[in-house]
Amino acid sequence: MSPPPPALRLGAAVLLPLVLFGVAALRTPMHIDGAMNLPVAQRLVDRGEYARQYDSVPPTPDADPDPPWVRFHPSEVQTNGPFVFVAAAAVGLLGTGQLGLQAANLAFLGLFAAAVWWLLDRASRLVAVVAPTVVLLLLPSPFKNAIGGFGEIPALSLVVLAVALLAWAGRAGDDRTALRAVTGSLLAAGLAVVTKTYVVGAL
């Protein structure tokens, strides 16, 4: 009996954690810490501003252009760049319902699962399918950190992607492909750092 094709194995590896965490994501209220990131994404969609509005006072034509209830590049928002822009795209496409607010985290969960599967599939097909879900469940507070607007899983996903691209570079049959893989790996690692770095806001 021949093994399932790679596409089917990859689909199973990605679908398993997405179903498990997706059901929780659609039923779990946003955590206050993680939800600090999502108003930035929403304001980016609504007004094109990388800022957070702190209360419901609406801006008026004669209002202070930098009122006290709006903070640009807010330093307490410790997840930036890749996550916020993906979250903004999700909110713009799906709205501010539970699915729209959780879609960015679920997308990065899928990326994490795909990268882990690719790293392990040559060693063991079965382990590669179940490993992403097992690893996620072994993380501290997985159902809080993996969903709800936090940036830890997006950053981890980009780190694993960087490692997978380095592994691809090692398996590449020509220098050009290896160079592209290494370049992609460095880019993914850089995006991971940006995701959880808030120096700009602190400055």
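On the face of helix 8 that is turned away from its buried side, the exposed residues are Asp175, Arg176, Leu179, Arg180, Leu186, Leu187 and Val193. This helix belongs to a predicted model of a protein with nine helices and two strands, and its other face, described below, is a useful place from which to begin reading the structure. Of the 203 residues in the protein, 39% are buried, and the order of the elements from the N terminus on is α-α-β-β-α-α-α-α-α-α-α.

**The chain as a whole**

- The accessible surface of the protein amounts to about 10900 Å², and 68% of that surface belongs to carbon and sulfur atoms.
- When contacts between residues at least 6 apart in sequence are considered, 69% of them join residues at least 24 apart.

**Helix 8 and its two sides**

- Helix 8 takes in residues 175-195, and its 21 residues should span 30 Å at 1.5 Å a residue, which agrees with the 30 Å that separate its end C-alpha atoms.
- The buried residues in helix 8 are Ala178, Ala181, Ser185, Ala188, Ala192 and Thr195. Because these residues cover an arc of only 110 degrees around the axis, they are placed on the same side of helix 8.
- That buried side has partners elsewhere in the chain, since the buried residues of helix 8 pack against helix 3 (81-94) and helix 7 (152-171).
- At the start of helix 8, the backbone nitrogen of Arg176 is reached to within 3.2 Å by a side-chain oxygen of Asp174.

**Ala181, a buried residue of helix 8**

- Ala181, which has its place in helix 8, has a relative accessible area of 1% and is therefore buried, the cut-off being under 20%.
- Leaving aside residues up to four places away in sequence, Ala181 touches Leu165, Trp168 and Ala169.
- Ala181 and Ala162 stand 19 residues apart in sequence, and the distance between their C-alpha atoms is 8.9 Å.

**Helix 3 and the nonpolar cores**

- Helix 3 has 14 residues, for which a span of 20 Å is expected at 1.5 Å a residue, and this agrees with the 20 Å between its end C-alpha atoms.
- Buried in helix 3 are Gly81, Pro82, Phe83, Val84, Ala87, Ala88, Ala90 and Val91, and the buried residues of this helix pack against helix 2 (37-47), helix 4 (98-120), helix 7 and helix 8.
- Just after helix 3 comes Gly95, which takes a positive phi of about 85 degrees.
- In soluble globular proteins, nonpolar side chains tend to be buried together. Here the largest nonpolar core has 16 residues, and those with the most contacts inside it are Leu38, Val40, Ala41, Phe83, Val84 and Ala87. At least two residues of this core are supplied by each of helix 2, helix 3 and helix 4, while its largest share, five residues, comes from helix 3.
- Apart from this core lies another one, of 15 residues, which has Ala24, Ile147, Ile153 and Ala164 among its members.
- Ala87, one of the residues with the most contacts inside the largest core, touches Leu38, Ala41 and Ala104 when residues up to four places away in sequence are not counted.

**Thr79, in the loop before helix 3**

- Thr79 is found in the loop between strand 2 (70-72) and helix 3, and because its relative accessibility is 2%, it counts as buried.
- The side chain of Thr79 has a polar contact of 3.1 Å with the side chain of Lys196, and a polar atom of the Thr79 side chain also lies 3.4 Å from the backbone nitrogen of Gly151.
- Without counting residues up to four places away in sequence, the residues that Thr79 touches are Asn37, Tyr50, Val84, Phe150, Gly151, Thr195 and Lys196. Among them, Thr195 is also one of the buried residues in helix 8, and Val84 is one of the buried residues of helix 3.

**Helix 1, towards the N terminus**

- Helix 1 consists of 22 residues, 6-27, and reaches 32 Å from its first C-alpha to its last, close to the 32 Å expected at 1.5 Å a residue.
- The buried residues of helix 1 are Arg9, Ala13, Val14, Pro17, Phe21, Gly22, Ala24 and Ala25, and what covers them includes helix 4, helix 5 (125-138) and helix 6 (142-145).
- Ala24, buried in helix 1, is also among the residues of the 15-residue core.

Note on methods. Residues are numbered from 1 along each chain as its sequence is written. This is a predicted model: local features need pLDDT of at least 70, side-chain atom pairs count only at pLDDT 80 or more; totals for chains, interfaces and linings use all residues. Side-chain values use heavy atoms; hydrogens and water are left out. Helices (H or I, at least four residues) and strands (E, at least two) are DSSP runs, numbered from the N terminus. Buried means under 20% relative accessible area, exposed over 50%, partly exposed in between (1.4 Å probe, protein chains only). Contact means heavy atoms within 4.5 Å. Accessible areas come from the Shrake-Rupley method with a 1.4 Å probe; for residues, only the protein chains shown count as cover. The expected span of a helix is 1.5 Å times one less than its number of residues. The arc is that of the directions from the helix axis to the C-beta atoms. A polar contact is a pair of N or O atoms within 3.5 Å; within protein, one must be able to donate a hydrogen and the other to accept it, and residues adjacent in sequence count only if both atoms are side-chain atoms. A nonpolar core is a set of buried Ala, Val, Leu, Ile, Met, Phe, Trp, Tyr and Cys residues joined through side-chain atoms within 4.5 Å.
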